[in-house]
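Q: Please take a close look at the salt bridges in this model. I should like to know how they are placed and what surrounds them.

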Amino acid sequence: MEESEETTSEAAPSFEGEPIKILVVDDEVDLEALVRQKFRRRIRRNELVFDFAHNGQEAIDKLDEDDDISMVISDINMPVMDGLALLKQLNETKPNIRSVIVSAYGDMNNIRTAMNRGAFDFVTKPIDFTDLEITIDKTLKHLALVREALSNRDQLVALSHELDVARDMQLSVLPRSFPSTDHYKTHGLMIPAKEVGGDFYDFFTLDEDRIGVAIGDVSGKGIPAALFMMACRTLLRSRALEGGTPDECLRYVNDLLSEDNENCMFVTLFYGVLDTRSGAFQYCNGGHNPPRVVHKGGEVVPLPTTHDMALGVLPGHSFNSDTLQLQADDALFLYTDGVTEAEGPGSEEFGEGRLDSLLAEIDQADCKDVTSAVLEQVREFAGENPQSDDITCVVLRYHGI
Amino acid sequence: MANGSVLDLSTETDGDTTVVIPSGRIDGSTASPFQEALLKLIEEGKGSLVVDFENIEYISSAGLRVLLLAAKQLQAGGRKIVLCAMRDHIAEVFKISGFSEILAIHPTRQDAINAG
């Protein structure tokens, strides 16, 4: 390269953070001093750092050693490996580096070849340093945008991957069928929010006369909540199938979830067992919204709570079971706060009032129709508002002995 | 809804006691900044932490978790967390979840400061 006019660096954009490293490749040894002189202010401000190589091969060696180089400015005619050969290699092996080629004025053949081999831009000899600086800044701006886009993409991929995993975990543990006999019917549904939470429900057929029903809501969202939910569900299932009473089951789950629970995650968990020979429903409520009892005829009342703690918080906590006597055609409706806290116009919540009225109205509908009617009404109420929490509802109806 | 929720935070001190007065909603979207703020106050303070709920309209399970975490941090240093001035529907959340059994809740800020 050769010198031409004076350069000014005052109008240059500033680059924040780390200096940008540029490799200048030219067999003209005087160029190094010239570049350092012309860009001295920006070098002093630690915006730009220059390194120098004297042919294409030397440039490749430097690039292999130094990952920090973002940009290459290269002459074309050089010994050992010329600029066009260098471009070809860069294009194939270092796609993140942008290069600017320096060619003789009017040498359109070489400029075409360089551009076809992936040069980002070119400047002509004799070098106009003002033009070179504008070209450098244009190239660096382009590089910054590319990097930002790449990093956004990677973050987005990671995030959506995490959401997918959490959602899959959550959906994979839901019951695939709804137990029913002549003595009882069940149904349940869970609609995960966009940002996956940790709701779940489960049914356990304990023996031909007894059916267990559980619903839980884990604090927090994403993979941590999904993992905690799976642990809770597996622990409950194992203890429940061994025949534990609801309070025994919750105590067992609580003790294990509380171990090493550094993040203070917790789960509100309700578990109850219906004995179809008697209609007795024995249950334990670990900090969960009280389920609704829908009596035949449409009277809806909250199931008296056993006043137990959410699980995962207090190891050794001892839980209590209560028993409710169900009559033929009474039903239990279990739900999570995604139902009652769904927001409609003006931030008003769906609330227990609306839920109870609806349950009274559809008193004897099929279990499946009850859950879908609740979901439909919650959605209608929420209108355009996005669903911020998982919505879960479960119905167990007793049909008598 | 979680989207666009707002939670503002102001603090006062009374002797060694730090009083936090959050206002707005503590839910999935504000729990994380709330947690950061509380843990910072705990780190900087020496005495008890009083959380005044007078201006809190809503708290989700994510918010409850933050309070448990703060309580655990404080307990590790022999300090206390005291909550106060909850509206009825907020107090109900603490009651249903059982957390009113393990977190001290007082009717007024002064009661809470005295208890801390």
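A: The account below begins with the salt bridges inside one chain, then turns to the contact between the two chains and to the second chain itself.

The model is predicted. Over all chains, the count of salt bridges comes to 27. One of them joins the side chains of Arg42(A) and Asp137(A), with an N to O distance of 3.1 Å. This pair links distant parts of the chain, since Arg42(A) belongs to helix α2 (residues 40-44) of chain A and Asp137(A) to helix α6 (residues 129-172) of chain A, 95 residues apart. Both Arg42(A) and Asp137(A) are buried.

The Arg42(A) and Asp137(A) pair is part of a network of salt bridges that links Arg42(A), Arg45(A), Glu47(A), Glu133(A) and Asp137(A). Within this group, Arg45(A) forms a salt bridge with Glu47(A), and their closest N and O atoms are 2.9 Å apart. The two partners differ in exposure: Arg45(A) has a relative accessible area of 41% and is therefore partly exposed, whereas Glu47(A), at 7%, is buried. The cut-off for the buried class is under 20% relative accessible area.

A further salt bridge in chain A is formed by Asp121(A) and Lys138(A), whose closest N and O atoms are 2.6 Å apart. Asp121(A) lies in strand β5 (residues 121-125) of chain A and Lys138(A) in helix α6 of chain A, so this pair ties together parts that are 17 residues apart in sequence. Here the acidic partner, Asp121(A), is buried because its relative accessible area is 13%. Lys138(A), with a relative accessible area of 44%, is partly exposed. Helix α6 of chain A thus supplies Lys138(A) to this pair, and the same helix holds Asp137(A) of the pair with Arg42(A).

Between the two chains, the rule finds 1 salt bridge across the interface. Its partners are Glu343(A) and Arg25(B), whose side chains meet at 3.0 Å, N to O. The count of residue pairs in polar contact between chain B and chain A is 5. On the side of chain B that touches chain A, α2 (61-76) and α3 (88-97) of chain B each supply at least two residues. The largest share, 6 residues, comes from α2(B). By class, that side of chain B has 9 nonpolar, 5 polar and 4 charged residues. In total, 18 residues of chain B are in contact with 27 residues of chain A. The two chains bury about 1,800 Å² between them, and 65% of this area is on carbon and sulfur atoms.

Chain B, which contributes Arg25(B) to the salt bridge across the interface, has 4 helices and 6 strands. From the N terminus on, its elements run β-β-α-β-β-α-β-α-β-α. The radius of gyration of chain B is 13 Å, which agrees with the value near 13 Å that a compact globule of 116 residues would have. Along the principal axes, the C-alpha atoms of chain B fill a box of roughly 35 × 25 × 25 Å. Of the 116 residues in chain B, 53% are buried. Among contacts in chain B between residues at least 6 apart in sequence, 69% join residues at least 24 apart.

Methods. Residues are numbered from 1 along each chain as its sequence is written. Chains are lettered from A and ligands numbered from 1 in the order in which they are written. This is a predicted model: local features need pLDDT of at least 70, side-chain atom pairs count only at pLDDT 80 or more; totals for chains, interfaces and linings use all residues. Side-chain values use heavy atoms; hydrogens and water are left out. Buried means under 20% relative accessible area, exposed over 50%, partly exposed in between (1.4 Å probe, protein chains only). Contact means heavy atoms within 4.5 Å. Buried area is the accessible area (1.4 Å probe) that two parts lose on being put together, summed over both. A polar contact is a pair of N or O atoms within 3.5 Å; within protein, one must be able to donate a hydrogen and the other to accept it, and residues adjacent in sequence count only if both atoms are side-chain atoms. Ala, Val, Leu, Ile, Met, Phe, Trp, Tyr, Cys and Pro count as nonpolar, Asp, Glu, Lys and Arg as charged, and the others, Gly among them, as polar. The radius of gyration is taken over C-alpha atoms; the globule rule is 2.2 Å times the number of residues to the power 0.38.
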